[in-house]
Amino acid sequence: MDRVIIFDTTLRDGEQSPGCSMDGNDKLEVAKQLARLGVDVIEAGFPISSPGDFAAVKRIAETVGRAGRKNGEGPGRNPPEICGLSRAIPGDIDACWNAVKGARHPRIHTFIATSDIHIKHKLKMTRQQVLDRAVGMVKHARRYTANVEFSPEDAVRSDFDYLCQVVTAVIDAGASTVNIPDTVGYSIPSEFGSLIRALYEKVPNIKKTVISVHCHNDLGLAVSNSLSAVLNGARQVECTVNGLGERAGNASLEEIVMALRTRRKLFNVETGVRAGEIYRSSRLVSQITGMAVQANKAVVGANAFSHSSGIHQDGMLKHPMTYEIMNPSDVGIEESVLLLTARSGRNGLDNRLKHLGYRLSARELDQLFGRFKALADKKKYVFDDDLVALVSEDKSVARTVFSLDYLNTSSGTGTIPTATVRLKRGGKVTQEAACGDGPVDATYRAIDKMTGWKPVLEDYSLRAISSGKDALGEVTVRLDDKGRKFLGRGASTDIIEASAKAYLAAVNRMLTAPKKKGGKTVQEKI
Ligand code: KIV
Ligand code: ZN
């Protein structure tokens, strides 16, 4: 059976989704999970785009890209290849190499557009100049490594004969992977499959490279187009967790992997992905980016495995396969288990966290145990989902500048909502009160008075974690400070407290984020 290489670009194309930017710590955490998931290649970022992204890719290359199987990586390449993106410009490729070279299997991915519309209006070059640049830059990258991927951007809208000419030339120049992007999500499955087949027929040296595909979802066809390409010989698929990505996103990793697995006989290919890690990966990416997963999303949505119609429920009770083509447990969805209560000890907590895939240091466990006890005192049962929320909230502790010391709000019909908030910064305690439209608004106004910052609250969402009236509320906010976006999350059984914690987490990120130098970043320029 042939192997399809799963190339994950959540940390590069996924991160380009509006409001989904991740800092170095977030990226590292996602990269560790992608390694556990068993993807073959992690595209960790676009190193020339900013010093922060360069540092993040380098750190991932030197840690996740060097770790051994004993650290829990999946069955994919061990460790995964770490790839960086670069325009077809020598400086981009040099920076990319410097960022990825610490990995055991580094890869340079370089691209230039080949459609006339891009060549003429964006690049202001000729076809010949683009061809020469593509060949020159693949050769430049080959001076560093034999693992070089080339993408003719907007391949789908490129003239076919010219595309074949470019693909043949870059393979001769040493590209070990050639990726065919549907950059604008324009193609449909039969057409895209035919394009891949036609490339196999017309490009004489195509057997010397791996043909990859990279599909965007503007018409909702990214997954179908990628699968059609696999049926026609593509052996690498570029995709993202939860289908994150520019505009309508990229092909969703979980849908690609589960389609190939569920219809194995039809595709006759396999991947190295450990499907049991899919749900955890989806949750982590959603939590870190603040991008909720729609309830009816295939494979990982909240309703993906719930059956409400009577006929379906009856069938399911008689035989699960009547209405289910996959088991929830195949993708790592378990019944939320209630094992922990206020009487549970440190060991019980540690065991449950290990089962959920979290390995905490003794210090981290101590910190979490205190917060677990406080939660267990308020709530009768602590569910797995509650623990995940506690752990993810704890991750922001390293960034703490302001912490919440005291909060009192009053609101009700015919009352002016007011909040009194006390914050700690280092050893210093400050206190302010404010009125607002409601208790959350009043709380945020009081916090603004103390931080001296007035960010725009762009997005606020609240969801209940686990079930019951005593469920934890998890709030996610996105703040905008002159174009820079900051995400914060907070959880509590009191939703006003959760709101305050989320707001402070975002403010703390804002205060600890590296300042953007004057001018635009490279990413904004392309
Ligand atoms: O969509 C696209 O064309 C890309 C390339 C850089 C591969 O993301
Ligand atoms: Zn893309």
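## Cavity

By class, two nonpolar, two polar and two charged residues make up the lining of the largest cavity. The residues concerned are Gly290, Asp459, Thr476, Val477, Arg478 and Leu487. Strand S17, which spans residues 472-481, supplies the largest share of this lining, namely three residues. The model is a predicted one.

The volume of the largest cavity is about 30 Å³. A search of the whole structure for cavities of 30 Å³ or more finds one. Rolling a probe the size of a water molecule over the atoms shows where empty space is left.

## Domains

The domain assignment divides the protein chain into domain 1 (2-289), domain 2 (305-336), domain 3 (337-395) and domain 4 (399-525). Between the C-alpha centres of domain 2 and domain 3 the distance is 29 Å.

## Aromatic and charge-ring contacts

Three aromatic pairs are present in the structure. One of them joins Trp97 and Tyr144, and this pair is stacked, with 5.5 Å from centre to centre and 10 degrees between the planes. Trp97 belongs to helix H3 (residues 90-100), while Tyr144 sits in the loop between helix H5 (127-142) and strand S6 (148-153), so the pair ties together parts that lie 47 residues apart in sequence. Trp97 counts as buried because its relative accessibility is 15%, under the 20% cut-off. Tyr144 has a relative accessible area of 31% and is therefore partly exposed.

A contact of another kind involves Arg127 and Tyr162. The charged end of Arg127 sits over the ring of Tyr162, at 5.0 Å from the ring centre.

## Positive phi values

Arg247 is a residue other than glycine with a positive phi, near 50 degrees. Its place is the loop between strand S9 (236-239) and helix H9 (253-262). With a relative accessible area of 46%, Arg247 is partly exposed.

Val299, also a residue other than glycine, has a positive phi near 70 degrees. The loop that holds Val299 runs between H11 and helix H12 (310-318). Val299 is buried, and its relative accessible area is 5%.

## Residues in helices H8, H9 and H11

Helix H11 covers residues 278-289 and contains Ile278. Ile278 counts as buried, since its relative accessibility is 3%. From the C-alpha atom of Ile278 to that of Val257 the separation is 9.3 Å, and the two residues are 21 residues apart along the chain.

Arg261 is placed in helix H9. This arginine, Arg261, is partly exposed at a relative accessible area of 35%. Arg261 and Thr271 are ten residues apart in sequence, and their C-alpha atoms are 8.1 Å apart in space. In helix H8 (residues 222-231) lies Val223, which counts as buried at 16% relative accessibility. Val223 is 36 residues from Ser187 in sequence, with 11 Å between the two C-alpha atoms.

## A buried loop residue

Ala88 occupies the loop between strand S4 (81-87) and H3. The relative accessible area of Ala88 is 3%, so Ala88 is buried. Ala88 and Leu11 are 77 residues apart along the chain, and 20 Å separates their C-alpha atoms.

Helix H3 thus appears twice in this report: Trp97 of the stacked pair lies in H3, and the loop that holds Ala88 leads from strand S4 to H3. Both Trp97 and Ala88 are buried. Helix H11 likewise appears in two places, as the helix of Ile278 and as one of the elements bordering the loop of Val299. Ile278 counts as buried, and Val299 is buried too. For helix H9, Arg261 lies within the helix, while Arg247 is found in the loop between strand S9 and H9. Arg261 and Arg247 are each partly exposed.

Note on methods:
Residues numbered from 1 in each chain as written. Chains lettered and ligands numbered in written order. Predicted model: local features only at pLDDT ≥ 70, side-chain atom pairs only at ≥ 80, totals over all residues. Heavy atoms only, no water. 1 Å grid on protein atoms, 1.4 Å probe; cavity = no way out; pocket = protein on both sides within 12 Å on 5 of 7 lines; lining within 4 Å. Points joined across faces, edges and corners; volume = space filled by probe spheres on them. Helix = DSSP H or I, 4+ residues; strand = E, 2+ residues; numbered from the N terminus. Nonpolar A, V, L, I, M, F, W, Y, C, P; charged D, E, K, R; others polar. Domains from an automatic or database assignment. Phe/Tyr/Trp six-rings, centres within 6.5 Å; stacked < 30°, edge-to-face > 60°. Buried < 20%, exposed > 50% of the residue type's maximum accessible area, 1.4 Å probe, protein only. Lys NZ or Arg CZ within 6 Å of the ring centre and 35° of its normal.
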